[in-house]
Amino acid sequence: MTVTGEEHARQEQRPPGPRHAADRTRARLGHAHVYIDIGFVRIQRYLARTAKLRGRRAASDHLARATDSEAVAAALPPGLAGLAEANPEAGRADGVISLRLAPHAPHAPDSLDARDRLVQDVIDAVFAGLREEFPGAELEAVWGTGESYLAARMRDMVPRQARGEVRVELPAPAEFPLAQPCRLCHTDPAAGTAQVPGERREQAVCPDCARRLAHDRRALARERRGDGDASAESRLQKAIGCAPAPDTLQELAEHTLDLDHTRQGAGKGTGGGAAKGGGSGAHSRDGGPRGTQLATVYIDGNAVGAFFRALASAASASAELRRAKETISAELAEATVMALHLATEQVMEGPARTGPLLVVPHVVGGDDVLVSLPADRAWTFTLTYLEMFHDLLAETTGPVLRLLPAPRPEPPTASAGIVFAHSTYPMNLVVDLAEERLTRAKRATSGAACSVDFVDVTADGPHGTADPALPLAALDARTRAALAALARTPAAHRRELAAAVRAHGPLIAARTVGARVGHRQLADAFDLFLPPDDTGTHDFRSFPGSSGSLDSPGSPPPLISLSHALRIARWWPTS
């Protein structure tokens, strides 16, 4: 039979038969992977709903185990077994399960509808398992397709989240009014009783806190068996090689060094080591009871999303960019963990290395870190982390950025929010304040550079002051030396100086109080934190031993004012 050109054209316009349609669908499915991310929403607040460190530690440990992607994929019900696998392109992030539909499974879906049904079945199964273990958590699932995880995230999953096209699993609503509130979290109604460590009688607890207590008992049993390295805290302890962290936040706060007390010759016999609270009326550097103040540090990456979007859009340009696109998420997670380890090692240098872990991580995932530690070590930890994370990401992203077409995005960095507060201050409020400070820090540089902001709840209240957040570049070597000089000044002099600044302004305060103190180091330190006077100079020539440095006329005001510097010096390291 001869087929004319016209008949051939008509045949080409006919709808494909079932067999040809299936072949084309399989071809489309074969060119893209399907990724599913299932995670906790507002994980920091969820972990902080229990006042006791032990409850948060139990939830954090179990959360790390329950969100192990390989374990979740292996535990899918029989009907889904082998159809989804752990996403090999995603780094480890506590609180996030990242899966990928297995591309070569024997019963892989052969149509788009079947694939979509499979995605929802996998989400349903994971949601059911997480809800049983975490009754009070809010969960979210998002999915997308792409030739790589990064491409799927940027082109499908992130836009889907922005449009609200995600699956959300909410905890059961609480009855109102509460029949009896949970004695541990005071958030949900109690649904039973359980034995709480440290309490003689069983306490009324909600289902979520009951689960945390059960996780805590299992975690203790695992530690006795030597199987306790699932949580971020246990992994960090193992990497540092120190003893376990204290059991309570109060015990953690007792490791705050009483530098004023040691410098003035009191408290002999302590060897300048960790201060223990409560004894003999000892006081901290600013006169309050020592061993009671903690710092909570919340760190998040800057410009990471912009970098990922630029890489995803340009990946087709070269083989190197395509390879980078497949590994960059895991490398980012590794940089976060490495920066955490290096910052913790810096905090625990010297005799502290043989003591307990003094940095307690609550969340470590992706580019997010939330930790608690003694207040006097917070600045050392935060600045070290920001610098190390910047350097590590520069090594990872630098070669990729050079291959990207112009205009290139800013190199990724990180910002931090610090909250100094009493160890008994409610943790859920501390987390909210840390998030607020982190947001202020990011705004200070529009995400283009490392930055930090802080609030001292004990000294300034939860709303803090109007002092600006600081780019990391403002804390250069000279500024850090000047802050250390202020920190070494006796607390009484710093309080007097702060009062004089409030009453008369920084220049008069520096001339009068600073001259009376008579420390050359303090006089030189003032030079960085004072605005120019009417003549455009800082007149320190009346200070005993001052170098009498002059600024050029019309010089701008300092980025860190004297009052701001005095607030920073409360917990700044003295060396």
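The axes of helix H18 (residues 491-504) and helix H21 come within 10 Å and cross at roughly 150 degrees. The model in which this crossing is seen is a predicted one. Angles over 145 degrees count as roughly antiparallel, and H18 and H21 are therefore roughly antiparallel to each other. The crossing in which H18 passes H21 is left-handed. On the H18 side the contact is made by Arg494, Leu497, Ala498 and Val501, and on the H21 side by Leu562, Ser563, Leu566 and Ala569. Sorted by class, the residues where H18 meets H21 are six nonpolar, one polar and one charged.

H21, which spans residues 562-569, also packs against helix H17 (residues 477-488). Here the angle is about 70 degrees and the axes are 9 Å apart. Angles from 65 to 115 degrees count as roughly perpendicular, so H17 is roughly perpendicular to H21. The crossing of H17 and H21 is right-handed. From H17, the residues Leu483, Leu486 and Ala487 take part, and they meet Ala565, Leu566, Ile568 and Ala569 of H21. The contact of H17 with H21 consists of seven nonpolar residues, with no polar and no charged ones. Leu566 and Ala569 of H21 can be found in the contact with H17 and in the contact with H18.

Another part of the model is a sheet. Five strands form this open sheet, and their order across it is E2-E3-E1-E4-E5, with antiparallel pairing. At the edges are strand E2 (84-86) and strand E5 (167-169), each of which pairs on one side only. On average, and with direction ignored, neighbouring strands of the sheet are turned by 25 degrees against each other.

Within the sheet, strand E1 (residues 33-40) and strand E3 (residues 96-101) run antiparallel and are joined by five bridges. Tyr35 can serve as a landmark here, as it stands opposite Arg100 in E3. A helix is in contact with the sheet: H6 (residues 112-133) lies across E1, E2, E3, strand E4 (139-146) and E5. The direction of H6 is at about 150 degrees to that of E4.

Some details of the backbone remain. Most residues other than glycine have a negative phi, and most peptide bonds are trans. Against that background, Arg42 has a positive phi of about 50 degrees although it is not a glycine. Following E1 out of the sheet leads to this residue, since Arg42 lies in the loop between E1 and helix H3 (43-47). Arg42 has a relative accessible area of 45%, so it counts as partly exposed.

A positive phi is also found at His186, which is not a glycine either; the value there is about 55 degrees. His186 lies in the loop between E5 and strand E6 (192-194). Its relative accessible area is 55%, and over 50% counts as exposed, so His186 is exposed.

The remaining detail concerns a peptide bond. Ala406 and Pro407 are joined by a cis peptide bond, with omega at about -5 degrees. Pro407 is placed in the loop between helix H14 (378-403) and strand E11 (413-422).

Notes:
Residues numbered from 1 in each chain as written. Predicted model: local features only at pLDDT ≥ 70, side-chain atom pairs only at ≥ 80, totals over all residues. Heavy atoms only, no water. Pairing = 2+ DSSP bridges. Helix = DSSP H or I, 4+ residues; strand = E, 2+ residues; numbered from the N terminus. Axes fitted to C-alpha atoms, helices over the stretch in contact; angles between N-to-C directions. Contact = heavy atoms within 4.5 Å. Parallel < 35°, antiparallel > 145°, perpendicular 65-115°, else oblique. Left-handed = near helix turned anticlockwise from the far one by under 90°. Nonpolar A, V, L, I, M, F, W, Y, C, P; charged D, E, K, R; others polar. Buried < 20%, exposed > 50% of the residue type's maximum accessible area, 1.4 Å probe, protein only.
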